[in-house]
Amino acid sequence: MDLHDYDDVAENYDLYLDVMSKTENAHEGFQDFYLDFARQYGTDGVIDIACGTGAVLLNLAEHGIMADGTDLSEAMCRVCSEKAHAKGFDLNVFPADMTSFKSSRKYSCAIIARSGFMHLTTPELQRAALLNIRENLADGGMLTFNTFDPHPFFQAQQMNTKDTDYSLRLEYVNKNGRREKIYNAISYNPYTQIMSGNWKFETLDDDGNVVDERIRPVKMRQTYRQEMTYLLELCGYEIVNVYSGYHKTPADGSARDVIWCVRKV
Ligand SMILES: C[S@@+](CC[C@H](N)C(=O)[O-])C[C@H]1O[C@@H](n2cnc3c(N)ncnc32)[C@H](O)[C@@H]1O
């Protein structure tokens, strides 16, 4: 079970991500980045892997690029398809695991947007996904995904916290029109490089009293850049670009959020 298996998360995802993008500048510039990437490399088909509720997929469609989408969570796929239909797009969105999906066609471009790859919590799963995506790419096809480099400062902080040490992340209005507060707790294990956390959703009544509480666990793996460099080579990719952030700043040694653009060889 993780955060994304739950219907209520899928249906509220866009609502709280919208607040997060404004309050935290989270993933600033991601839409233009993925649109440019799809325009540059997607002439023979684009797939948005771990598409979630379709933030990227639908933006591509609005710019004339009809990509396929896939996500492990059936609920996320359902919300994504409903949004696509409402906008008049007939897109192929299917539930599948990125480590094993098989498509009936090959793509010249694959996108794993906004940390989807980090949900693979072991090197074995990362390897399986990279090999499987390679199978679904045409010769010379391009893939982009992002990772977090383990960072000593954050590691030190998160090694001293438990996955129940909550702090308030944001407040938003859920799909039922109710105010909800989201609290996060996160701890880091330097041996597995896994960030384990919990997201706590508190639903409030009109007077601000808590009337419901849901806790959703989530795990994400941080990956050292050297590790990823070798994994990519072993899985049959060459590295084309490594950026820090969506404005395409070349990733220097201290960059934390690393965006990989790699080609199937
Ligand atoms: C942080 S969300 C990002 C969603 C979307 N890419 C976006 O930008 O809004 C991560 C997504 O990865 C999906 N996911 C996690 N593990 C997966 C796997 N093994 N295969 C496919 N999708 C997966 C989750 O269901 C979730 O929708």
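**Figure 1. Strands E4 and E5 run side by side in this predicted model.** The two strands are parallel, and 4 bridges join them. One such pair can be picked out by name: Tyr 107 has Leu 137 in E5 as its bridge partner. Strands of a sheet pair through backbone hydrogen bonds, either parallel or antiparallel.

**Figure 2. Strand E1 is paired with E4 and with E2.** E1 and E4 are parallel, with 4 bridges between them. Here Ile 47 stands opposite Ala 110 of E4. E1 also runs parallel to strand E2 (residues 68–71), joined by 3 bridges. On that border, Ile 49 has Thr 70 in E2 as its bridge partner. Are the faces of E1 covered or open? Both are covered. Val 46 and Asp 48 lie on one side, Ile 47 and Ile 49 lie on the other, and all four are buried.

**Figure 3. An open sheet is built from 8 strands.** Read across the sheet, the order is E3-E2-E1-E4-E5-E12-E10-E11. The pairing is mixed. Which strands stand at the edges? They are strand E3 (93–95) and strand E11 (249–250). Each has a single partner strand, so one side of each has no neighbour in the sheet.

**Figure 4. Helix H5 turns its buried residues to one side.** H5 covers residues 123–136, which is 14 residues. At 1.5 Å a residue, the helix should span 20 Å. Its end C-alpha atoms are 20 Å apart, which agrees. Which residues of H5 are buried? They are Gln 126, Ala 129, Leu 130, Ile 133 and Asn 136. These residues cover an arc of only 125° around the axis, which puts them on the same side of H5. An α-helix has 3.6 residues a turn, so residues three or four places apart point the same way. The buried residues of H5 pack against several elements. Among them are strand E1 (46–49), strand E4 (107–112) and strand E5 (137–148). Helix H7 (225–234) and strand E10 (237–244) are also packed against them.

**Figure 5. The largest nonpolar core has 55 residues.** Ala 38, Ile 49, Leu 57, Cys 109, Ala 110 and Ile 111 have the most contacts inside it. Helix H3 (residues 55–62) gives the most to this core, with 6 residues. Now look at Ala 38. Leaving aside residues up to four places away in sequence, Ala 38 touches Val 46, Leu 60, Ile 65, Ala 67, Cys 109 and Ile 111. In soluble globular proteins, nonpolar side chains tend to be buried together.

**Figure 6. Thr 192 sits in a loop between two strands.** The loop links strand E7 (179–189) and strand E8 (194–204). Why is Thr 192 classed as partly exposed? Because 13 other C-beta atoms lie within 10 Å, and the partly exposed class falls between 12 or fewer (exposed) and 20 or more (buried). Thr 192 and Gln 222 are 30 residues apart in sequence. In space, their C-alpha atoms are 8.8 Å apart.

**Figure 7. The protein as a whole has 7 helices and 12 strands.** Its radius of gyration is 18 Å, close to the 18 Å that the globule rule gives for 265 residues, so the protein is as compact as a globular protein of that length. The C-alpha atoms fill a box of roughly 60 × 45 × 30 Å along the principal axes. Of the 265 residues, 32% count as buried. Among contacts between residues at least 6 apart in sequence, 65% join residues at least 24 apart.

Definitions and conventions. Residues are numbered from 1 along each chain as its sequence is written. This is a predicted model: local features need pLDDT of at least 70, side-chain atom pairs count only at pLDDT 80 or more; totals for chains, interfaces and linings use all residues. The expected span of a helix is 1.5 Å times one less than its number of residues. The arc is that of the directions from the helix axis to the C-beta atoms. Two residues are in contact if their C-beta atoms, placed from the backbone, lie within 7 Å. The radius of gyration is taken over C-alpha atoms; the globule rule is 2.2 Å times the number of residues to the power 0.38. A nonpolar core is a set of buried Ala, Val, Leu, Ile, Met, Phe, Trp, Tyr and Cys residues joined through C-beta atoms within 7 Å. Two strands pair if DSSP finds at least two bridges between them.
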